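Work through the exercises below with the sequence and the model at hand, and try each task before reading its solution.

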Amino acid sequence: MVAVAFVAPYLLDATARFVRCVAALPGVRLGLVTSDPLERIAPELRDLLAGHWRVDDALDPRQIAAGVAGLAGQIGRVERLVGALEQLQVPLAQVREGMGIAGMDVATAMNVRDKARMKETLRAAGVPCARHALVHDPAQARAFAREVGFPLVAKPPAGAGSQATYRLDDGAALDAWLGAVPPSGDAPALLEEFLVGQEHTFDSVTLGGATVWSSIADYYPPPLDVLRNPWIQWTVVLPRDIGGPEYAGIHAVGPAALRALGVTDALTHMEWFRRPDGSVAVSEVAARPPGAQLTSMHGYAHDFDLFAAWARLVVLGDFDVPERRFAAGTAYLRGVGRGRVGAVHGVAEVNRDVGHLVVESRLPRPGQDAGSDYTGQGYVIVRDQRTEAVREALRRIITGIRVELVEAL
Ligand SMILES: Nc1ncnc2c1ncn2[C@@H]1O[C@H](COP(=O)(O)OP(=O)(O)O)[C@@H](O)[C@H]1O
Ligand SMILES: [Mg+2]
């Protein structure tokens with residue numbers, strides 16, 4: 001038996017699925033460290049748990065450590081400490097190191113979490129990426145702008161979901177950003193050279209330091225463009241064939257980047273740009289399953305369950321390499337503006353045309369808060385053996401379905 005502690009601040013959809021997959025592994029005794037009291041956990045999930053430890057803040061390493069120590073009385077000495085959230089990766093590594101639990105160490109977790117440190121490490125290893133500076137005051141920011149020129153990207157050093165990420169086109173935009181969110185010694189910001197080209201992912205499994213599986217997705221367009229243009233509905237395509245010349249660069253650079261960062265055993269989500277001249281620039285790396293439906297999409301493209309495969313990987317340390325059989329893609333449905341979802345138009349017509357390719361969907365629900373995420377209020381996932389059929393279906397979906405937002409009451 002392996003005693004596993006899973007840390008999940010709250011049991012939202014994807015997290016609950018990862019927890020179920022860990023619980024379903026043979027020979028696993030699972031304890032959960034969470035902010036949800038036991039009685040609030042869905043009964044079918046509760047029944048899978050051999051232990052439960054409630055904490056106020058599941059991102060705090062001290063509270064995680066107390067939870068792991070407390071769970072020992074319920075499930076035995078914890079041998080694996082896991083969690084799927086980006087913000088957990090460094091705290092989990094700190095607790096592992098402090099308590100002698102095997103798994104990713106703090107230095108590696110920080111390399112894939114702190115974007116300034118990540119870029120320094122990549123650069124030092126000769127892995128191509130945007131020039132950057134961690135700036136602590138306006139003078140440093142202006143000096144970097146003089147050196148690199150515009151446009152620039154400004155972002156938090158450890159952000160997620162494109163939050164507080166801006167494209168700065170000129171000195172006026174830089175001044176406006178410095179005025180709105182001035183970087184300081186306590187709260188530095190990351191400035192980067194602006195990368196042009198196509199944005200993609202390189203999601204992969206590393207075992208014993210070797211890349212044993214990888215999958216590539218194409219973003220249309222880059223998430224930052226989606227955020228800056230309210231009328232754009234984002235799409236992501238996993239082409240059926242990722243062996244072509246356009247991806248040859250990342251098949252070499254991706255594993256090199258992971259080696260440089262010290263990743264030896266993990267499922268990682270990497271974003272990269274293919275510049276107009278064909279060259280690769282690594283944008284960021286995270287040591288967790290990808291978000292935004294990508295974990296499901298990889299499953300559809302390979303006819304397997306990446307949620308379950310991640311669980312096996314982090315708990316048992318093995319991975320069965322799947323064959324890529326399909327192209328898959330997601331259209332993210334997003335209304336223009338803010339407020340709440342009023343209605344969703346065009347679904348019947350689109351369904352008539354491409355419904356046979358749809359493998360999963362969640363339509364925006366009337367009354368649902370619109371939020372401010374580039375992934376919008378719902379999604380449709382399609383798959384086919386032909387990549388072009390997937391691209392065409394996504395075009396049909398985003399041109400045919402219109403989410404109408406109404407002012408919040
Ligand atoms: N140096 C850059 N050049 C061009 N676009 C960038 C750059 N850095 C980030 N972006 C855009 O902003 C988005 C969010 O930035 P990213 O570093 O991926 O942060 P997050 O962790 O929030 O996903 C990216 O997906 C990309 O579209
Ligand atoms: Mg990103």
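**Exercise 1.** Determine how the residues of the shell around ligand 1 divide into nonpolar, polar and charged, and which parts of the chain supply them.

*Solution.* In this predicted model, sorting the shell by residue type gives nine nonpolar, four polar and seven charged residues. Turning to secondary structure, strand E6 (152-155), strand E8 (189-193), helix H9 (223-228) and strand E12 each contribute at least two residues to this shell. By domain, at least three residues come from domain 2 (131-193) and at least three from domain 3 (198-406).

**Exercise 2.** Identify the residues that come nearest to ligand 1, and find its polar contacts with side chains and backbone.

*Solution.* Among the 20 residues around ligand 1, those that come nearest are Lys115, Lys155, Ser162, Leu195 and Glu199. Next, look for polar pairs: a side-chain N or O atom of Lys155 lies 2.6 Å from an oxygen atom of the ligand, and a side-chain N or O atom of Glu199 is likewise 2.6 Å from a ligand oxygen. A polar backbone atom of Leu224 is 3.2 Å from an oxygen atom of ligand 1. Finally, consider the cover: of the 540 Å² of accessible area that ligand 1 has on its own, the protein covers 96%.

**Exercise 3.** Which residues are the protein donors of the magnesium ion (ligand 2), and are they buried or exposed?

*Solution.* The protein donors are Glu271 and Glu284, each through OE, at 1.9 to 2.1 Å from the ion. Because Glu271 belongs to strand E12 (residues 266-274) and Glu284 to strand E13 (residues 280-286), the pair ties together parts that are 13 residues apart in sequence. As for accessibility, Glu271 and Glu284 are both buried.

Notes. Residues are numbered from 1 along each chain as its sequence is written. Chains are lettered from A and ligands numbered from 1 in the order in which they are written. This is a predicted model: local features need pLDDT of at least 70, side-chain atom pairs count only at pLDDT 80 or more; totals for chains, interfaces and linings use all residues. Side-chain values use heavy atoms; hydrogens and water are left out. Donors are N, O and S atoms within 2.8 Å of the metal (3.2 Å for Na, K and Ca); water is not among the atoms, so sites may look incomplete. Helices (H or I, at least four residues) and strands (E, at least two) are DSSP runs, numbered from the N terminus. Buried means under 20% relative accessible area, exposed over 50%, partly exposed in between (1.4 Å probe, protein chains only). A residue is near a molecule or strand if one of its heavy atoms lies within 4 Å of it. A polar contact is a pair of N or O atoms within 3.5 Å; within protein, one must be able to donate a hydrogen and the other to accept it, and residues adjacent in sequence count only if both atoms are side-chain atoms. Accessible areas come from the Shrake-Rupley method with a 1.4 Å probe; for residues, only the protein chains shown count as cover. Ala, Val, Leu, Ile, Met, Phe, Trp, Tyr, Cys and Pro count as nonpolar, Asp, Glu, Lys and Arg as charged, and the others, Gly among them, as polar. Domain bounds come from an automatic or database domain assignment.
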